[in-house]
Amino acid sequence: MPAEDRDSDLIARYVRALHDGDFETIARCQHPDFQEDYPQSGERIVGRANFRSILENYPGGLLGEADASEDRVIGGEDRWMMSPTFTMIRVSGTGDSRTAIVKLLYPDGSAWYMVAIVEVRDGLIARATTFFAPIFEPPEWRREWIELVEPPTA
């Protein structure tokens with residue numbers, strides 16, 4: 001299997017493990033020097049143990065349900081994978097970098113997109129930079145210049 005396919009499969013396995021709360025698989029997918037940055041809040045998670053602690057202590061738990069009826073698949077060479085909790089996952093990129101775009105539903109019922117830029121090293125996820133964005137209605141002032149491609153669900 002080409003390295004590009006292995007990296008995409010690795011990220012898909014990782015996202016499934018996050019959904020399942022399978023901490024052993026998550027750790028097996030992460031490089032020993034794993035780091036994840038959340039630029040919006042200025043946080044850096046250093047190490048597998050700290051990442052696991054955040055998941056284990058997530059308020060309300062991690063398992064939400066997504067509405068698959070709102071999914072849209074766009075793209076050419078990108079790979080799309082379905083996850084039980086997250087609606088669709090797009091994994092794209094070249095070399096040792098991939099981008100995963102995930103639509104998710106938080107325990108409070110709010111719908112969000114998560115975009116993670118993932119770097120693979122030695123066949124493991126070494127670093128991720130993750131952005132979180134809530135779904136929102138487009139502002140009224142801009143409506144005359146846009147097309148609505150998918151009604152927002154907040």
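Contact here means that heavy atoms lie within 4.5 Å of each other. With that in hand, let us walk through this predicted model.

## Overall layout

The protein has three helices and seven strands. Read from the N terminus, its elements follow the order α-α-β-β-α-β-β-β-β-β.

Of the 154 residues, 35% count as buried. The accessible surface comes to about 9,200 Å², and carbon and sulfur atoms account for 54% of that area. If you look at contacts between residues at least 6 apart in sequence, 39% of them join residues at least 24 apart.

## The nonpolar core

A good place to begin inside the protein is its largest nonpolar core, which has 19 residues. Ile11, Tyr14, Leu18, Ile26, Phe51, Val118 and Ile125 are the members with the most contacts inside this core. Two or more core residues come from each of helix H1 (3-20), H2, strand S1 (30-38), helix H3 (48-56), S6 and S7. H1 gives the largest share, with six residues.

Ile26 makes a handy viewpoint for exploring the core. Leaving out residues up to four places away in sequence, Ile26 touches Tyr14, Ala17, Leu18, Phe51 and Leu55.

## Around helix H2

Helix H2 spans residues 23-29, and Thr25 is found in it. Is Thr25 buried or exposed? Thr25 has a relative accessible area of 12%, under the 20% limit, so it counts as buried. Its side chain is joined to that of Asp22 by a polar contact of 2.6 Å. When neighbours within four places in sequence are set aside, Thr25 is in contact with Arg13 and Ala17. Ala17 is also among the residues that Ile26 touches.

Glu24 lies in helix H2 as well. With a relative accessible area of 47%, Glu24 is partly exposed. Which residue, 28 places away along the chain, has its C-alpha atom 9.6 Å from that of Glu24? It is Arg52.

## The loop between S6 and S7

Next comes the loop that links strand S6 (111-121) and S7, where Asp122 has its place. What is notable about the backbone of Asp122? Its phi is positive, at about 55°, although Asp122 is not a glycine. For context, most residues other than glycine have a negative phi. Asp122 is exposed, and its relative accessible area is 67%.

Gly123 is found in this loop too. At 46% relative accessibility, Gly123 counts as partly exposed. The C-alpha atoms of Gly123 and His31 are separated by 8.1 Å, while the two residues are 92 apart along the chain.

## A nonpolar patch on the surface

Our last stop is on the outside of the protein. Which residues make the nonpolar surface patch of about 510 Å²? They are Trp141, Trp145, Ile146 and Leu148.

Trp145 is found in the segment after strand S7 (124-134). Why does Trp145 count as exposed? Its relative accessible area is 60%, and the exposed class starts over 50%, so Trp145 falls within that class.

How values were computed. Residues numbered from 1 in each chain as written. Predicted model: local features only at pLDDT ≥ 70, side-chain atom pairs only at ≥ 80, totals over all residues. Heavy atoms only, no water. Patch = residues over 30% accessible without salt bridge, like charges linked within 9 Å, V, L, I, M, F, W, Y side chains within 5 Å. Areas by Shrake-Rupley, 256 points an atom, 1.4 Å probe, with all protein chains shown as cover. Salt bridge = Lys/Arg side-chain N within 4 Å of Asp/Glu carboxyl O. Helix = DSSP H or I, 4+ residues; strand = E, 2+ residues; numbered from the N terminus. Buried < 20%, exposed > 50% of the residue type's maximum accessible area, 1.4 Å probe, protein only. Polar contact = N/O pair within 3.5 Å; in protein donor to acceptor, adjacent residues only side chain to side chain. Core = buried A, V, L, I, M, F, W, Y, C linked by side-chain atoms within 4.5 Å.
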